[in-house]
Amino acid sequence: MKYVIIGNSVAGINAATAIRQNDTQGEILIISDEQTRPYSRPLLPNWVIGEVSFSEERMFYRRNDFFDKNNIQTLLGQTVEKVDTKQKTVILSNKENINYDKLIIASGANAIMPKNITGIDLDGVYTLTNIKGAKKLKEDLVKINSIVIVGAGLIGTKMAYDLSKIGKKVVLVELAKRVLFPALDDYAAVLIQEQLKLSGVDIILNDSVVELDGDKTVSQVTLSSGKKILCDACLLSVGVAPNVAFVDQNIKLDRGIVVDDYLKACDDCYAAGDVASIYDIVVNVRRPIPILPLAAREGYIAGLNASGHEVKFGGGFAMNSIEIGKVGFISMGLIESDTDEVLEYKKDDKYRKFIIRDNKLIGVILVNNVEKAGMFNWMIEKKFDVSWIKDTFLNNDFGWKYFDKAFRVLRLDRKLQR
Amino acid sequence: MKRIDASNLKYNVLNDIIRRVIEEGENKIIIDGVCGQYYIGCGIAKPVEIVINGVPGNDLGAFMEGPTIIVNEDAQDGIGNTMSSGEIIIHGNAGDVLGYSMRGGSIFVKGNVGYRACIHMKAYKEDVSPTVVIGGCAGAFMGEYMAGGTLILLGLNRDKKRLTGNYLGTGMHGGAIFVRHGVDESLCSSEVLISKPDDKDMQKILTNVKKFCDLFGFDCDKIIKDEFVKITPKSKRPYGNLYIPGP
Amino acid sequence: MKWMKDVKTYTPPDFHVIRDPDRCIKCKACVEQCSFDATFYDEEEDKIWNWDAKCVGCNRCAAFCPTEAITIENRENPYRINESWGKWNVVGVKKRAAFGGAPVVSMGSDKPYIVYWDHMLINASQVTNPSIDPLREPMELKTFLGKKVDYLEIEDGKLKTVLYPQLELEIPIMFAAMSYGALNYNVIEAIGRAAVELGTYFNSGEGGLHKDHYKFEGNIIVQVASGRFGVYKEYLDVASAIEIKIGQGAKPGIGGHLPGEKVTASIAQTRMIPKGTDALSPAPHHDIYSIEDLRQLIYALKEATEYKKPIFVKIACVHNIAAIASGVAQAGADVIVLDGFKGGTGASPQVIRDNVGLPIELALASVDDRLRQEGLRGKISLVASGGIRNSMDVIKAIALGADAVYIGTATLIAIGCTMCQQCHTGKCAWGIATQDPFLSKRQNPNIATQRLVNLVNVWALEIKETLGAMGINSIESLKGNRLALRGFDLSEKEMEILGILHAGE
Amino acid sequence: MKLVKINEDNCVYCHLCEVACKTEHSVSKDIIKAVKKENVLSRCTVEFNYPYSASIMCRHCDDAPCIFACQNGSMHRDERGYVVVNTQTCVGCWMCIMVCPYGVIKQGKNDDWGLSIKCDLCPDRSIPACVEACPNEALTFEEL
């Protein structure tokens, strides 16, 4: 049995791990266009500003002996040009053909380069979803004194904070009315914005970049409001798009690769991670949810299914954890709703918000008291009936003490598995 | 139905016979010639009917659970001692300590009762509550330490006699005593309150008096139209303030 | 501090809580363990405070402090020393005057009365009638409690006489009557399990028996007291013996009183009373005003249980105990339980506990004497209780004439009790005499059972070793063997009552 | 797999498990230094809601979400099969906290980085420190 995995990151690595657990003999090949050992993508902003380096073990996703220990072959620095699911072949850009018995596509997603911005091809325009983009930014960082960051998502916001921390002048431009738009509501976003402002970040909301100017290198950014900002560089972080250029017609696409409940894209072919369009159990649609915990689990389940199991993937939902300055927050699922029951607790920089629909928890925002967040995550995932316990959600000391004894004992004794 | 002749039988012999008869599955027993034998019906936990002709001795129906005992003459002391359920019907007078600590079932006495009737009678679990109806008069200390249940005193054959003795309801901390024709307040202990029965109480009285009249052939309407008073404890904790934590 | 102390009712604290700030790590173990609010945490100051006036000296905090930062000290009498008044008399007057109530206390009397056990020495064998090594030779501690027949009739090689029901004890030590209500579920559970494991009996006390504890059938003695709480057919049936409680050593002539706040739903159901009402046990049984009346109740219980169970009658030791015991024996009791002056209590008026009654040693000796004189001692069994503190007290009690003993206070001390005498408050920090579900958790039945089993087994070993030293191989041979005892530091009259010779004689 | 069983009916809310945990996970292994100087965080937390109290710590899920959520493999299964965090590599992104269904991972500090603190079932001991310290067998080490 030969397993081929496209993508050497979270989903791919977990797929390989799962396959190796089931099939100690089969051949596993990981193909990636990157040359490096799998690394921790969320740490790229930290790497850019020099907080962490590739000489440190924490930069990597798995320890150095991972491939040897699990007997996994790798083919690094090779781009996949085509996948032929009929012939069960992967065609590389160097025209080499690799046959497979089972294929797992875990090619991830790349930064979106908005087409409607003119001058996007100039030097000094950066993205930060992979090592290539990050390296460019890191190399040029000494020359950069002021930078415009387009898009206040997780990467944009974290980068804005990190860059201003090392003394760069940062302007953060966001189309929406607040930073971290899909992850936070207004109240929580204001807390984050305060932290950003404290560290010197200029935030421009409800505005977008229309033009980049400069002689070879970006020197000015024009916003749709007409405002012009002088800068040395521009970081684009407006989102990611699945990496699906190489798939054939057997694999259906919507925004990502369409998969069934077993993460199967077509016969003997699975997709996992940011590239896969999975079921969002909170908003009830299929879409790629590009977050690391889901990618890992999808990869693992795809690996299990590729190696003979039949494990259902129940779907996922968006969740985020980030710390900006003194404010740490975790948000999960839906963050705003006018039609559902909303519970809120606000006091200074403490914030708790819960959205409940049909007695099921569907959204949570926790700011600065996040240690029990996972319990809510469990409730969302399990569609737990919270009608009898929701009154205690707003307590800052929420915990097992508020549960029904019988339920609590069953859970803590691991009789009720997650 | 089984008839037992109790003449000249010692109480333990008689009771042994009763127990054996019940074990054999008999559910109605008539005992003739009873003359002071103790403990008839004691500790029996089956819904049998025992009819006693003659005067039974002390502790009739003690600890019993379920039987119906009908005494066609007078009865002695300790009737229904600590009984849990069942019914005792006395077609005459009864002696002292009637229904001591009983917690369920009912006792109907046609005539008078002696001292210390219904001491420490108690109710529990909301729905388990004893009822005692006394046709005649009672001696002192009636309802002492009473912690639950219903006691109705009718005073039918009063005849200048005092309706109750002294110390009515001493240490009472639960239940209610209903007395027809009212009660002399000076006989009551300071722990009780005397009031007028409300409609719910009257309903309870009516139900029990009706049964009493059916049993003993009195005119219910005539009895019930007289004034009743209700005696209830002032507190569930009569001695709550006597003590302080020491030393 | 939370609030100023109440100056109007001030009496000096009994204890001083000393906290070593260098050792204190503010882990709050003491704070959570103190059920009397004598130690508490001030979050704002990040400081743990002590409040001496509230400390009862239970030592729970000191026991739990992981760094030994806490020491509890007895406070000296702060008043000018007055030999005829003493602190307790002064405080006693003040408290009564300030609160207008009689102090209720728990456990046995703590006053410095003579303990006769400590004035008796046990004999041993030398040369003649050699001593026995119990580790290698059989040693019989088995005891039977119940009425004995005068003689046995044998017909055709078979026993013709019908024997009275007997309780069979592997060890002549039983767990004394402590009711559900005084103790909580977990403690009764532990005592029951220990009784089963040890082959002895535990007494339910007057509070009825929780349905869950019916599983100890075969090792239960149930009590019928004046309140008749929880007494019904099944309760009588599940018992191996029934004890009629006439009196209790710590409060002879006084009724029981379980305050309404302790009557939880479970206790209400077990006692068969309404929830939250006081559980009042009248001082006397109101159907017992004479020996004849007692006989009536004894036989009522026998009738109710078809003569299958021995009936115990427990009486508190009072001045004419010998005559009373004789009456009880003649009333038909199978076993007489004598409860001595030093016996424990969950709650008793202080004056009664400390002044009324008779030490068990004297009472036991005089009852044994009297019953012998009347030829009754061979027919019935005697159980001594109230102030049995160690295995040698057991030996001495048996030598003075007891068949077996009840242990109560020792049982509680084994599982944690520190005799702080706060049982009546319901706040027992050791989780014993409390119904508070949070405090009750402090008794883990698994651990408590093991401790009780250990205690009684060790006592049994000590008894066997002592018997061996005396050259006796059966506890039966020790019974009433007062020659095995010698007194010292006692008056002639005391020795006469105890029926023992002076040491050296 | 042996785990710490939580017997809430026996918990007396004494915090001694926490103290033992802090001491065991300190550098000095000295109870007073561990708490007063090192400020060690306890891996177990005692909760209280009268009359309930119990010490809660990692349940070492078979299918541990924290391992999946970890962005750089710091959260992993050790050779004993227990879920532990590599304190050398953890960067404190709190992704594990976000998914822990028992809410038992705490936020600590490790030089410049945040550090997820969780129960490691005392690798240097045969019985975890909290179990050994529990005075009432509210925590027991047994097969679950």
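**Reading the contact between chain B and chain C**

User: Where do I start, and how many residues does each chain bring to the contact?

Analyst: Start with the residue lists: 45 residues of chain B and 55 residues of chain C take part in the contact. Keep in mind that this is a predicted model.

User: How much area do chain B and chain C bury between them?

Analyst: Buried area adds up what both parts lose on being put together. Here the two chains bury about 4,000 Å², with 58% of that on carbon and sulfur atoms. On chain B's part, 19% of the area buried against chain C comes from B:Phe63, B:Ile244 and B:Pro247, more than from any other three residues.

User: How many salt bridges are there between chain B and chain C?

Analyst: For these, look for a side-chain nitrogen of Lys or Arg within 4 Å of a carboxyl oxygen of Asp or Glu. Chain B and chain C have three salt bridges between them. One of them joins B:Arg19 to C:Glu303, at 3.0 Å from N to O. There are also 28 residue pairs in polar contact between the chains, counting pairs with both residues at pLDDT 80 or more.

User: Which element gives the largest share of the side of chain B that touches chain C?

Analyst: That is H1(B), with four residues. Both helix H1 (11–23) and strand S12 (243–245) of chain B supply at least two residues of that side. By kind, its residues are 21 nonpolar, 14 polar and 10 charged.

User: In what sense do S12(B) and strand S5 of chain C pair?

Analyst: S12(B) pairs with S5 (residues 102–105) of chain C in the parallel sense, over three bridges. To find the pairing in the model, look at B:Tyr243, whose bridge partner in S5(C) is C:Ala102.

Notes:
Residues are numbered from 1 along each chain as its sequence is written. Chains are lettered from A and ligands numbered from 1 in the order in which they are written. This is a predicted model: local features need pLDDT of at least 70, side-chain atom pairs count only at pLDDT 80 or more; totals for chains, interfaces and linings use all residues. Side-chain values use heavy atoms; hydrogens and water are left out. Contact means heavy atoms within 4.5 Å. Buried area is the accessible area (1.4 Å probe) that two parts lose on being put together, summed over both. A polar contact is a pair of N or O atoms within 3.5 Å; within protein, one must be able to donate a hydrogen and the other to accept it, and residues adjacent in sequence count only if both atoms are side-chain atoms. Ala, Val, Leu, Ile, Met, Phe, Trp, Tyr, Cys and Pro count as nonpolar, Asp, Glu, Lys and Arg as charged, and the others, Gly among them, as polar. Two strands pair if DSSP finds at least two bridges between them.
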